[in-house]
Every structure is written in C-alpha cells, then in structure tokens.
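Student: Let's zoom in on one part of this model, then follow the thread wherever it leads. Keep it casual, but give me the specifics.

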Amino acid sequence: MTEPALLTLSGVSKRYGTVQANKAIDLAVRPGSIHAVLGENGAGKSTLMKLIYGVEHPDEGTIAWNGAPVQLARPSDAQALGIGMVFQHFSLFETLNVLQNVSLMVPGKPADLARQIGALGQKFGLTVDPYAMVHTLSVGERQRVEIIRCLLLNPKLLILDEPTSVLPPQSVRLLFDTLRKLQADGTAILFISHKLEEIRELCDEATVLRGGEVTGHIDPREHDARALAQMMIGRAMPQVAASSATEPGEIRLRLTGLSHARATRFGTSLEDINLDLHGGQIIGIAGISGNGQQELAALISGETRAGQSDMIQIMGRSVGHLGPMQRRKLGFTFVPEERLGRGAVPEMSLADNSLLTAHRQGMLRGGFIRRQVEKTFTRRCIEEFDVRTPGPDAEAGAMSGGNLQKFILGREIMLAPDVMLVAQPTWGVDIGAATAIRRRLVDMRDSGTAILVISEELEELFEICDILHVLHEGHLSAPLPVAETSADDVGAYMIGASA
Ligand SMILES: Nc1ncnc2c1ncn2[C@@H]1O[C@H](COP(=O)(O)OP(=O)(O)OP(=O)(O)O)[C@@H](O)[C@H]1O
C-alpha cells in the first residue's frame, strides 16, 4: 500500500508576465522521503518551492497538506503546518546578529536559543557564533544560520534550495547525516541541487522540471548522473574541454606580504600573503569559506584598501591604495561571490547592470547613456552566455540564481580583462552551464588571461587550475601545482593540518 502523501500539488501553475515559470505541476511528497527537484537554471524549481512556502501564490491548481486543500497566503501559514524553508538567496537581516535573526522566527529566551544554536552547530558541524553580526559572515556561514534556524522549528517538511552549493565537503557529509536523521524521524525533505551525484546519494525520489513543466517522476538511484542531466536539459551533455596549459607569461597580479587586520571581531585577519599570478595561468584559492576569502577578494578588487600600496600589484603597478574603478582601468575585472547587491543591483534592468562595469565599452558619450550600445552589449551577453531571460529590460532581481550568475560572469568576461578575479564561478549554475563557464575560463587562460578563482568546490579547482593555494585562518599555503597535488593534500591544508 502506498503511504498517503504529506504534500500534494495538482495542476499548479504560476506565470510572471510573459514567463510561464510553472505549468500544471503535479507533485507528491511522502512523509520521510527525501525528494529531489531537478532542472536547469530557470526551469522553475525555486518558484515551485516559493508556492509551497506561501511566498508566491499559484495562478491555478491546488496544494494539499495531508490530503486537505490548503491556502498558503504567507510563509507563516506554511510554517504553521510544519513547513520550513532554507532559501537560495538568504533572508537574514544583515544588521542583526545571528541570535536576533533566529529570534525573529523561533520563540524562546535568547540565552536558551543561543545554547540550542551552539548545540545544533556542534551536532551537525554547522558552527556559527550566535553573537556574530550577519553582515560579517561569508555566504557559507549565512547558509549555516538559515539551516539552523529552520531546524530549530522541528519542521515536518523541510525545503532546501541548493543547500550544499557553498558548503565544504566535510559539512556536506554532516548535513547529509543530519538530513538522514531527520528522515528517520519521519521528516520529509524537498531538496534542490545541481549536484547530481549528491541527489543520487541522498534522495529516494525525484521530480524533473524542464521549462516550467514536469518531465518525469523517477527514482534517482536508478539512473546515472549523465542520464539525469540528459533528462534535465533534454539533449546530450556538453563535453568537458581538455585543458592544454600554455607557458605562463608575465606576472599580472602580485601579492607581496599582504597583511590586513580584520575589520570586525568576526572577520578574519590576513597574514603575510604572497602570490604570483601570471598571464596564461589559472590559480585557485581553495578553502572553507570564512577563512579570509571575503577579505582577500575585497583587498584585490579594491573594495578594501591595503595598508601599503605595493602589497598588491596589478599589471606591474602598485594598486593597494586605488579604488575598484581605477583597478578596472588597468585591465582588471571582478566577479564577487554575492551576486545580488554586489555583483548586480536587483532593482535595475540587466542593461543598466551592464552599464555598471562595462560603461567604458562606449556606453557613455558627453555625459549621456547610449541606450542602444548598452542594449547591444547586454543582448550579446545574454546570447553568448545562454542567459535565460526575456531580454535586456528584465530586472536583475527577477532572474533565477544561476542565470544571474551567468550574466554577471559573462559581463565581466566580455570586458576582455588582462587579469580577472572570480569568486565561486559556478555557484548555483546547472551542470551544462557550469561546464560551459569552466570551458570559457580555460579558453581565456589559453589566450593569455591571468585568472584567480576563489572556490569551495575542490573538483572545480582541480579541473581548471594550474596551481592551487589553500587559505586557512587568514594564512595562504605555498603554491601547489595541481598536477602534483591530491585532493587529500588540499583537504589537509583546508583544516590546518599542514603548514
Ligand atoms: N519575481 C519574478 N519576476 C519575473 N520573473 C521571474 C520571477 N521569479 C522567477 N522568474 C522567472 O521564472 C523562471 C523560473 O525561475 P526559477 O527561479 O524558479 O528557476 P530555477 O529553476 O530555480 O533556477 P536556478 O537553478 O537558476 O535557481 C525564470 O525564467 C525566472 O526568470
């Protein structure tokens, strides 16, 4: 006998203007199942989860909980039923600390909550200081807060929208243990991920979406990752390009004795960082987020100024005292890990977001914006980088996470930089697009660009980099040539076991 479903969606549709984000979706989630939702960037996964959590409302169709139709006007209605959600774009208040953010959703005395946050952190490897201000936390740390906050509410259905994208491998293992324990207690989990191997390992059911429609309900353990990818994208997977390293050229980014005292109690101080990045080379910075990645990226991009100008050299010039725009004029471009707010302004159109960093591509004349140039550039970026959007006038904030990432990366690549810094290049990007992005970075390397990649994905770093460094507690390891280094070696540096 099949168990009655905890959550049932029948014929659920949702449209945004001209975009049919969800079309006649049927979905049943059983108690105690870990149910994956798969699909390319923009396939409609996040929209579907927002409908289930009461953030958005269906145009058509019904949502039933334990067999009874429900109207979810707002997230508190979903929470009252026992539905918890961890968002892809975080919903924390940056100016409050972790505990205050938790208190907004979870009842209880602050001291008790702080203890529970500590206990959950210990148990599940999601350590975070309850008194840390959220704005000082890295993306990975913020995600830990979101997950802990949900678990404190003991949900019957937990929705996780790409929970592992920014977690280091050890934490992914711990998170999976957590999810399996929750499953054993009868909690159902809806799990969105682009990591097909993770889905095969963790999930017992999967619903595949393509272009807003369900294309299959399957058991992911019965299909290999390639077959799953094919179901998602409806065609064969692109091949990974073989990497052909060229002779490195001149030094284009040099960090010499770069030290920087942390700005807040919760930041990380950087200590005596040395690095040489040559033209025609990709160097990767591996490490668990919160070990100084944000601080290092801000110093290299110019968002934070260095103590001494010559600690940072770009294209042979000391730039530690220069701001981001002046560094860009030297041929430097930058993709920050935070897409919304730092990489793009959510309220602005894609075209206007192009203007932010690409205005020197002839978009300004005599103090006026040349709209046609701005649009042509944006259209080219949309085409070349396969950004799924109605067009250049679409608002950045309305894009799916992966598509916004493709846009920001495309915009920076189109500036043909001499030196580029990319943080988390494929975070939230589907498997087909991630392969395309990595291939593009390797092509740029082969044509002479110097690229520094900060990523928590070891596999990605091993695939595209020539040299790795590991950042741990603000210290950078010596250079490790990829050809002579194993993932275990890097793992040892990541947890500080090697010096
Ligand atoms: N608020 C909105 N306004 C307009 N369009 C939207 C809005 N939210 C989502 N969309 C559009 O709906 C479609 C589905 O987006 P959704 O975020 O659900 O995709 P997704 O499968 O979660 O993608 P990703 O893997 O990139 O996160 C996309 O074309 C997106 O641009």
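Tutor: Sure, let's start with the shell around the ligand, whose residues split into 14 polar, 6 nonpolar and 3 charged. Bear in mind that this is a predicted model. There are 23 residues around the ligand, and the ones that come nearest are Y16, N41, S46, S400 and G402. As for secondary structure, at least two shell residues come from each of β2 (19-29), α1 (45-52) and α13 (401-414). S46 falls within the α1 range, and G402 within that of α13.

The α1 range also takes in position 52, and that leads us to the nonpolar interior. I52 and I159 have the most contacts inside the largest nonpolar core, a set of 136 residues. Helix α14 (residues 431-446) gives this core its largest share, 6 residues. If you skip the neighbours within four places in sequence, I52 is in contact with I159 itself, plus L7, I63, A78 and I83.

For another spot to click on, try H278, which sits in strand β12 (residues 270-278). H278 has 18 C-beta neighbours inside 10 Å, so it counts as partly exposed, since buried would take 20 or more. Again setting aside neighbours within four places in sequence, H278 is in contact with P248, G249, E250, I251 and R252, and also with A450. Another pair to look at is H278 and D418: they are 140 residues apart in sequence, with 10.0 Å between their C-alpha atoms.

Methods:
Residues numbered from 1 in each chain as written. Predicted model: local features only at pLDDT ≥ 70, side-chain atom pairs only at ≥ 80, totals over all residues. Core = buried A, V, L, I, M, F, W, Y, C linked by C-beta atoms within 7 Å. Buried ≥ 20, exposed ≤ 12 C-beta atoms within 10 Å, placed from the backbone. Helix = DSSP H or I, 4+ residues; strand = E, 2+ residues; numbered from the N terminus. Contact = placed C-beta atoms within 7 Å. Near = placed C-beta within 6 Å. Nonpolar A, V, L, I, M, F, W, Y, C, P; charged D, E, K, R; others polar.
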